[in-house]
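User: Could you take me closely through one part of this assembly, the place where the pieces meet, and set it in the context of the whole? I would like one connected account rather than a list.

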Amino acid sequence: MNDKSNNSASIWGTGRLLPRLMLLYFILDIALRFVPLDPLTFRAWEAMLRRYPNAVGPFTPSKHYHRDNSYGGVANIGNLPAERRYRTVDFTTDAFGFHNPPSPIQTDSIGIVVGDSFAVGSELPEHETLSAQLSRRFGGYFYNAGAPQPLHLSSLRAAAQRIGLHRGLVIYEFLEARAWQDPPATTPEGAQGAGQRFIFRTLGQEWIDRFSTPINQLHSSPLQAISAKLEKKLQDNTLLPNSFAGFVIQEKLRNGDSILFLPAEFKTPDDPRSAAARWGAYLAWYSNELRESGLGLLVLVVPNRSTIYSPLLAQPRDVSASLSALGSLAQAFQNAGVRAVSLQNRYAQEAATHLNEKKYLYLLDDTHWNGNGTAIAAEEIFNHRNE
Amino acid sequence: MLFNSLIFLFLFLPVAYFVFWRMRTKNQRFIWLTFASYVFYGTWNYRFCALMAFSTVVSYFAGLGMLGAANPRRRKLFLVVPVAIDLLLLGFFKYFNFAVATFTGVGTLLHVSIHAPALNIILPVGISFYTFHTISYMVDAYRRVITPTRNFWEFSCYVSLFSQLVAGPIVRFRQVETDLENLDHADRTRWLNIGWSFFAIGMMKKVLLADTIAAVINPAWKDVAHLSTLGAWLCVLGYTYQIYFDFSGYSDMAVGLGYLFGIRLPQNFNSPYKALNIADFWRRWHISLSTCLRDYLYIPLGGSRVSAPWLVYRNLLITMLLGGLWHGANWTFVFWGAYHGVLLCLYKMFGRLWDRLPTALQRVGTFFLIVIGWVFFRADNFSAAAVMLARMFTLSVGPLFPGLVGLLIVLAIAAVLAHVAPNTFEINHEWKPWTIAGLAVGYSLALLAIASGQQLPFLYFQF
């Protein structure tokens, strides 16, 4: 039995040095969490998002983010530097933590855009977000209330009240992929837990913000981010194999350009009709509630990038399931009396027509739409505004 | 919870350590270690804590029963029944579906339709290890090698101690009995340096060597049919070093953690790739298992003290077959065990000739035979093993897999450490300033690698 006892009290003893090393690591990790995450980010989303939003906006309020060499999330997931499409990005938030200019809240607002990251438009120049495109088209201000998940009714009403919108249009950006998630409950808070509702109502917005701000600050570990970046640098397929490449699907378009997909982009609901019916019922309720507040709802159905570009690949993929799911959605919304505009046909036509010009509607290294896509979306909404 | 995880390093270990050394009495420390170990085990699957607790209680009362039973038949009953219970549990959780699949396969071969139910059984992590702990305890108690403890918490601490719970070493009660008895007198600083030294070395072996090798060769193992000859050999050599540094790294960490809590755990690896022959290899590789197999299986079968030589070979083969099966419910493990059994038999027959070879040739030859054996151990099935062997021994060219540069660097380091350098039990853990700086740098790199978020579990957690 080993019994190499030693009792060195020297600072060079492993028994003292290594625990102190770990303590230093721990202190460094905590300390770095108080430093802004921006230099470690390659795009606005991670720098601006609050993991524990207060009762208002999902992003850090009154902040501006700028990056000259931002690139797409899918290229980062796959650790594929050669596939990055660099672009300049600016992301500004208002006092409530939504992606809007810092200028005083427009009192001549005529609409609100709600939806997920597509509505947020963090990948886009600020004049190319859907709300900016709509503002130009309509000649009136559209407030960007995009968030990681579409706002629940109570949050939307609060946003409308803040910008003084008493009559107007709510554009609900609905990505095709959302159809295979269950809709929220038809309650104003979208079935947030009773405990959370109680806390919000008891403490009030100011105190929620005071608690959530340090929690958000401490949540992300820059040390972990640095480690992950170093690991990705080493996995360059020369020194070490790129273990991240398997997380993305690399394809080639007919025009020779590379395009990256996430496997999830090709997913379709197991039962598209039931999924569509559930969403139809939810949005019908949403629309009725908004009508009582003087707001009209228009749902913008955005197809997945894979639905539009799979037929245009060098080796095309079948999208019949996606088209069927989109058809079910359109039918369900019509049956439920929900006003909806689908971009499917227009996008398919535009994508095929301009493929050889390399004029795309979505980013090639990210799942989101680009300025061309939002411009067409705004045009379609404008054209259907009276229906 | 893995040893190489942030939650273990920065939450579990500090809390377990500081609370332990605040306790003053033996019993307090036993209870605390038992509680902490169950928390550790529960992070894998809390439901199986009850299984381990049941096995612990059964074995504890078996020991007490043997203590109080004067009648030899009664004493035997207190051994046979609990051991049977332990083996039944192990057999059910680990081998039921394997047995069903085997019977079904045999039926198919014989054109007999067998409809046997396949259950959705989750293998409890570490069941192979803690079952051997309890069985060795009961057998040693029966043989009067140890006196069973009356202190339930001492026994449960021995069975469930988190440092060796899920992947060994397999610790016999007699090996830690003295330290457990003196746990209240343990000096916190006595083994502090050596404990951390073992832990850090083990961490670096696992995270920097084994995991790096795995990152390169695992994708290649999935596409064996397209490997070139050189690629195939690099894959197999890579796995040879990966499994050694993964497992010995874990054992070093376990030993280090034991030291931190005043308990000395046995050596599990003694530079196995320096072995001169296959028997020597099994005296150096997974020592805790091989000695268990020797003491509780080979010797009771008769060992080498039997009337006829063929009985020795029979005993060797049975021992190694079951040793292979212990590693996993797959015929490739059984074959690997049989392969080593055959090699041991051959050494028994022709060992004198082998021993006359030059030392270098003995080492190279032994290493070559071990490498071939790992092909079956690593392969998912015999087809994959056959394809790999074919790629290794027929000349084929092709593109080498990504990460070759990194693999060659790490393999070179691994080879030096495995074949030339002293092992963790041979080095002097009184580090000089410049060497401890190197250790600190290596440990820091391991911490950074862990922080990146991608940790591979220990290879031996599959058992």
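Analyst: In this predicted model, residues 24 or more positions apart account for 76% of the contacts in chain A with a separation of 6 or more. Chain A has 13 helices and 9 strands, and 40% of its 387 residues are buried. Its C-alpha atoms fill a box of roughly 85 × 55 × 40 Å along the principal axes, and its radius of gyration, 24 Å, agrees with the value near 21 Å that a compact globule of 387 residues would have.

Chain B, the partner, has 18 helices and 0 strands. Its radius of gyration of 23 Å is close to the 23 Å given by the globule rule for 463 residues, so chain B is as compact as a globular protein of that length. Along the principal axes its C-alpha atoms fill a box of roughly 65 × 65 × 50 Å, and buried residues make up 45% of the chain.

Where the two chains meet, the contact takes 39 residues from chain B and 32 residues from chain A. On the chain B side, helix 1, helix 9 (192–221), helix 17 (404–419) and helix 18 (433–451) each supply at least two residues, and helix 9 gives the most, with 10 residues. By class, the residues of that side of chain B divide into 24 nonpolar, 12 polar and 3 charged.

Chain B itself is divided into domain 1 (6–185) and domain 2 (192–462), whose C-alpha centres lie 25 Å apart. The contact between these domains takes 25 residues from domain 1 and 24 residues from domain 2. Helix 1 (6–22) appears here too, since at least two residues of the side of domain 1 that touches domain 2 come from each of helix 1, helix 4 (72–109), helix 5 (127–142), helix 7 (162–165) and helix 8 (173–181). That side of domain 1 has 17 nonpolar, 6 polar and 2 charged residues.

Helix 1 of chain B therefore deserves the close look, because it supplies at least two residues to the side of domain 1 that touches domain 2 and at least two to the side of chain B that touches chain A. With 17 residues, helix 1 reaches 24 Å from its first C-alpha to its last, close to the 24 Å expected at 1.5 Å a residue. A kink of about 35° nevertheless lies at F12(B), shortly before the proline P14(B). The buried residues of this helix are L9(B), L13(B) and A16(B), and they pack against helix 1 (14–32) of chain A together with helix 2 (26–45) of chain B.

Some backbone details elsewhere may be worth checking in the viewer. The peptide bond from G168(B) to P169(B) is cis, with omega near 0°, and P169(B) is found in the loop between helix 7 and helix 8 of chain B. H286(B), which is not a glycine, has a positive phi near 45° and sits in the loop between helix 11 (278–284) and helix 12 (287–301) of chain B; with 22 C-beta neighbours inside 10 Å, H286(B) counts as buried. In chain A, N237(A) likewise has a positive phi, of about 70°, although it is not a glycine, and lies in the loop between helix 8 (222–234) and strand 6 (249–252). N237(A) counts as partly exposed, with 15 C-beta neighbours inside 10 Å.

Technical notes
Residues numbered from 1 in each chain as written. Chains lettered and ligands numbered in written order. Predicted model: local features only at pLDDT ≥ 70, side-chain atom pairs only at ≥ 80, totals over all residues. Domains from an automatic or database assignment. Contact = placed C-beta atoms within 7 Å. Helix = DSSP H or I, 4+ residues; strand = E, 2+ residues; numbered from the N terminus. Nonpolar A, V, L, I, M, F, W, Y, C, P; charged D, E, K, R; others polar. Rg over C-alpha atoms; globule rule 2.2 N^0.38 Å. Buried ≥ 20, exposed ≤ 12 C-beta atoms within 10 Å, placed from the backbone. Expected span 1.5 Å × (residues − 1). Bend = angle between axes of the 7 residues up to and from the residue.
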